[in-house]
Every structure is written in structure tokens, then in C-alpha cells.
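This report looks at a single protein chain, moving from one aromatic residue to its partners and then outward to the fold as a whole. Please keep the sequence and the structure at hand while reading.

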Amino acid sequence: MGTLTILLLLLGTCGVSGYGEYRKRLPNGERVPHPCRANFFWHGLGHINALGGGSRNNFGKDFAANGHTWTQDFCRLDSDGDGMTNGQELGDPNCVWNAGSDTAPSRTTQITHPGVCDPFDSPACAAKNEWVSCKGAELECDAINSPDVLNFTIRFPETEVPAEDTTYMCMIFDVPSDRDYHYIASKPLIDNDNVMHHVVVYGCTDTTEEIPNAPYKCGMDAGKGCTVGLGGWTVGSPGECLNDNFGLSFGKSRYTRFALEFHWNNPNEVSGWKDSSGMTFYYTPNLRKYNGSAMALGQMHLAIPPGRQEVTFRGECTSDCTQKLMTEPIYVTSGLNHMHYLGKAGFVEHIRNGQRLRYLTNEPEYSYDNPRYFRYNEPVEILPGDSLVTTCKFDSTYKKKWVFYGDGTSDEMCFGFLSFYPEHAMKNAMCVSWKGINTCGRESVIEENCDAFGFIFQYDTQSTALRKAVDKNCNLASNLCTPECKMAVMDLLQHPCLRGGDVTDYVRSLIQSSKAGLEFLGKLRMCDVKKNDFGFPTSGATGTSMASSLLIILALLLV
């Protein structure tokens with residue numbers, strides 16, 4: 001995947017979400033789509049402002065008059081006058097759902113807003129819906145109006161969107177490189193918001209690979225030397241504006257090309273859609289005092305059971321890890337939580353000598369559609385030896401199946417991102433957990449006498465000899481567990497990295513991220529390694545998703 005030199009640009013605006021408690025009193029109250037902003041939920045359901053607060057719409061007025069309570073009488077009202085009751089629009093047509101119940105409404109799909117006339121664009125509804133805004137927030141960034149600030153725009157040519165649930169497409173562009181510059185802000189140019197989930201911007205180093213001059217499928221990695229995330233966009237964000245203390249370096253001595261990576265989300269597999277989105281970048285030749293970056297925190301092993309009102313996961317960047325990763329203090333300018341649609345609350349705590357100094361993020365009402373970052377009047381100093389604890393809470397009430405960590409919108413994530421300067425103070429800005437293991441920037445992972453990286457990359461003598469014995473004595477094509485193969489496998493399974501527990505799961509997740517690793521696991525399976533033992537993959541995060549999805553997410557968030 002290349003070096004995880006981190007990057008990013010915390011996106012988002014400081015928004016105000018609707019009253020979370022009120023949403024919970026309504027069937028599907030957290031899942032009402034905006035009628036004219038694709039991939040966006042209407043969080044302030046009773047308000048004219050989709051984010052909540054301010055004047056009420058007709059549904060909100062009726063809800064308030066009914067004591068903010070879901071009753072059969074209120075359920076049978078038609079607040080927006082479109083011929084459908086509030087219950088029909090919110091998935092409770094028989095008016096039997098009760099707030100606080102663990103039972104989901106009878107319908108959790110095809111939900112419509114009970115305060116907005118449907119069909120939204122019909123002549124009968126045009127006058128009733130004049131108050132509905134279909135525009136997103138505008139970027140506020142005074143720095144882009146400075147006379148020394150220049151800009152350029154790069155975008156895809158009109159490109160067909162595959163009729164597939166998830167597609168990653170990339171394209172590489174030349175950028176100004178006559179001298180060094182600082183990139184200080186960007187705005188999205190979203191052509192088809194029906195499918196656009198996020199955009200990642202990568203900086204590209206020199207490479208001998210041939211550079212395509214058209215969009216290409218790229219999985220979750222732009223490749224072609226383009227592995228350093230610099231910024232991006234995600235649903236709900238008007239763009240990004242960096243803190244005045246730092247910029248992101250590109251140009252003559254660093255990155256002469258950018259790659260755009262699009263994640264198209266087309267769950268209904270609609271054919272015929274096209275997209276030509278892009279980004280406008282604001283940059284200056286007057287370099288700011290520092291180069292900046294962002295630190296990734298969180299938990300990368302998630303398994304969320306269905307039907308739960310609250311499930312909590314934690315990850316810690318320990319005191320030992322910050323000692324290893326930091327060469328001097330860093331100064332944090334902002335923080336951001338990141339989960340997907342099951343996310344309900346997120347927090348990042350700054351700990352020193354066992355005492356919490358402050359919450360760097362404190363979001364008891366999290367909204368994926370309304371990314372909120374926390375800015376600090378004075379940058380927060382983080383010292384080597386401090387620890388950073390990330391907590392994510394999820395609500396899976398309406399889910400019928402388990403949800404695991406992953407890159408798709410229907411998967412989940414648990415991250416906290418901190419933008420900081422100076423960039424050079426962090427050897428590696430990824431400090432995330434995998435179950436109870438902290439990867440500590442992947443400098444090393446040593447748990448229970450297991451050197452995970454030594455085992456995986458075979459740079460310790462014992463694991464190299466044991467793995468070579470399996471490769472020599474086990475023939476995958478024959479699918480036979482010969483006595484020699486069985487002995488080699490049994491010897492290998494005595495290795496500290498394979499005796500069970502979190503470290504074994506972690507090693508397995510990394511090995512199964514490559515074709516060679518999967519073949520190796522196949523050799524172990526030939527000799528009847530039990531289903532839940534080391535040889536069999538399990539649902540959840542893999543090494544591939546850990547590396548590539550973190551690059552994507554990191555490149556989506558920093559200010």
C-alpha cells in the first residue's frame with residue numbers, strides 16, 4: 001500500500017444536529033432521507049433547517065402540539081397534506097410502533113419525510129415545498145480571498161458509473177510544479193450526488209509506471225506512486241479550509257501530480273448514470289510556517305450485533321506508543337470523529353499520567369451526514385508519553401444482520417482524527433487498535449512473545465524456518481495432508497503467534513490480505529486445522545481493509 005504518510009484534511013462544518021432525543025421518539029426518526037439531496041438524512045425532522053434548530057415545518061408544529069410524542073392520533077395525521085399519513089411515511093402504517101421499544105417499525109425502507117409533500121417534484125407539491133432547500137452548506141474560508149492565493153481545478157471527464165454496489169475509480173493529473181507550494185483549502189465539484197460517497201486526493205511521487213490519461217478502476221488504492229493522502233471530500237461537507245499555522249506541501253520538490261479517487265455508491269445498481277466530479281484547490285507560493293498532517297486513532301476490529309440500541313468500542317494510542325512515534329511535542333488544531341450510519345456518539349480523550357486533561361472531541365449526537373470538527377482557540381499540546389483514547393458508540397436497532405468493519409457505506413468504522421503540526425514530529429501518524437492490540441504506527445507489534453511483523457514478514461529465524469517447512473512439505477495442488485505436511489503444520493501452530501487470542505487473530509487478518517497469504521492458509525487447512533483456529537478466515541477486518549481504508553479515510557479528514 002506504500003507508506004502511510006498522513007495527510008489529511010478534516011472536512012466538515014460546525015453544524016447543529018436536530019434534537020437526538022426527539023428523533024428517537026419517532027419510527028425511523030434517524031433514517032429519513034432528504035427529498036432532493038442524495039445520500040443525506042434529514043436530522044432535524046421537525047425543522048425547516050435539515051440539520052435542526054430554528055423554525056419548525058408543519059410536521060414539527062404537529063409533533064410539538066402532540067407533546068413530542070408518537071401516538072396513534074398523531075400517526076394518522078397527514079402533516080404535509082400529500083395524502084399519506086405520518087405513519088405511512090415513517091414506516092408505521094398501522095400505528096403500532098412505540099418509542100423505546102426494541103422492535104423495529106414494520107417498514108425500514110422507502111421512508112419519506114412527513115413534513116415534505118410527495119412526490120417532491122410534482123405540480124401538486126411545488127408550492128407546498130418552496131421552503132425546502134436542495135443546496136448544501138457553503139465553504140467559509142477567509143484565506144482563499146488573499147491576493148497571493150491561486151487555484152486550479154481537476155475533474156474526471158464524463159464517465160459511466162457501473163451498475164454495481166461499490167466502485168472505486170481513479171485518475172491522475174499534473175499539478176503546478178514550477179516551485180514549492182502549500183495547499184490550504186479545497187472545494188468539491190460534485191456532478192452526480194446520487195452516487196458520490198467520497199473523494200480522496202493523493203499526492204504522487206515519481207514512478208517508472210506508465211501513467212494512465214483516463215479514469216481507471218483502482219480498488220481502494222490509486223497506485224501508480226500515488227499513495228500519500230492529501231485531502232478529500234465526503235457527504236455533507238462544503239470543502240476544507242486548513243488552519244492558518246500550516247499547509248500541505250506539493251510542487252517542485254514533493255508532489256508534481258495528484259490522483260483523485262472516487263467512491264461511487266450505487267446500491268440499487270442503476271445503469272446509465274454518469275459522473276464528472278472533481279475538486280478546486282487553493283494554494284499559495286508563500287509557504288506557511290509548518291507542514292501539517294493528521295493523526296489517525298481508533299479501533300479497526302468491529303463486530304456489531306443486530307438489534308442493539310448501543311454497542312461500544314474503544315481504541316487507545318498508549319503512552320508507550322506516543323513515546324515511540326513522536327520526536328517532539330505536536331500541536332493539535334482540530335479533531336473529528338468518523339463512523340458510518342450506525343454511529344451515534346464519538347469521543348477522543350487526551351490523557352496524561354493517568355488523568356484526563358480534556359476531550360479533544362465530544363460528540364454525544366454523532367451524524368455521518370453532518371461531519372463536525374472541533375477547533376481549539378489555542379492549539380492543544382500533545383507530549384510524547386501522553387495517551388489518546390477513542391470511544392465509538394453504535395445503534396444497530398434496525399439492522400437484521402451483524403455489521404463489521406469495512407469501507408462500504410453499509411459497513412462501519414471507528415476513528416478519531418487529529419490535525420496537527422509540525423508534520424516531522426511524528427514518525428508515523430497512524431496509532432490505531434485492533435481488538436486489544438495497538439498497532440503503534442506499525443513500528444512493531446509484540447504481544448504474548450509474538451513479534452507479529454517478524455512472523456508475517458519472516459525476518460526472525462524461528463518463524464522463517466517453520467514457514468519454509470510448511471511450504472516445502474505441503475502441496476496445495478494435491479490437497480493431501482501427508483505425514484510430513486502434518487508435522488510441519490503442527491510445529492508451526494506451536495509458534496507464539498499462532499496459539500490463539502487477539503494476537504493470532506491480528507496475524508491472521510494480515511496474512512489473509514494477500515494471495516500468497518491465502519495460499520499459505522490453504523496449506524494449513526489441508527491438515528484439518530479446526531474451523532475457528534488459525535487457518536480459517538473470519539468475518540470482519542482484514543489486512544487489506546486496514547491499510548487501504550485507513551488511507552481513504554485519512555485523506556478525507558483534516559483541518
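## A stacked tyrosine pair

Tyr290 has a relative accessible area of 26% and is therefore partly exposed, in a model that, it should be said at the outset, is predicted. Tyr421, by contrast, counts as buried, since its relative accessibility is 8% and the limit for a buried residue is under 20%.

By the distance rule for ring centres, the protein holds 27 aromatic pairs. In the pair formed by Tyr290 and Tyr421, the ring centres lie 4.6 Å apart and the planes meet at 25°, so the two rings are stacked, the cut-off for stacking being planes under 30 degrees apart. This pair joins distant parts of the chain, because Tyr290 belongs to strand β13 (residues 290–291) and Tyr421 to strand β23 (residues 415–421), 131 residues apart.

## Other ring contacts

Ring pairs also link Phe152, Tyr181, Tyr183, Phe250, Phe258, Phe281 and Tyr283 into a cluster.

Charged side chains are found over aromatic rings as well. The charged end of Arg37 sits over the ring of Phe40, at 3.9 Å from the ring centre, while the charged end of Lys224 sits over the ring of Tyr216, at 5.9 Å from the centre of that ring.

## The two sides of helix α9

Helix α9, which spans residues 483–492, has among its residues Cys485, Ala488, Val489 and Leu492, and these four are buried. Because they cover an arc of only 95° around the axis, they lie on the same side of α9. The face of α9 that is turned away from this buried side carries Pro483 and Met487, both of them exposed.

Which elements cover the buried residues of α9? Among them are three helices, namely α7 (452–456), α8 (461–473) and α11 (515–525).

## The fold as a whole

The protein contains 12 helices and 27 strands, and 55% of its 559 residues are buried. If one takes the contacts between residues at least 6 apart in sequence, 78% of them join residues at least 24 apart. The area that the protein exposes comes to about 23700 Å², of which carbon and sulfur atoms supply 46%.

Methods
Residues numbered from 1 in each chain as written. Predicted model: local features only at pLDDT ≥ 70, side-chain atom pairs only at ≥ 80, totals over all residues. Heavy atoms only, no water. Buried < 20%, exposed > 50% of the residue type's maximum accessible area, 1.4 Å probe, protein only. Arc of directions from axis to C-beta. Contact = heavy atoms within 4.5 Å. Areas by Shrake-Rupley, 256 points an atom, 1.4 Å probe, with all protein chains shown as cover. Phe/Tyr/Trp six-rings, centres within 6.5 Å; stacked < 30°, edge-to-face > 60°. Lys NZ or Arg CZ within 6 Å of the ring centre and 35° of its normal.
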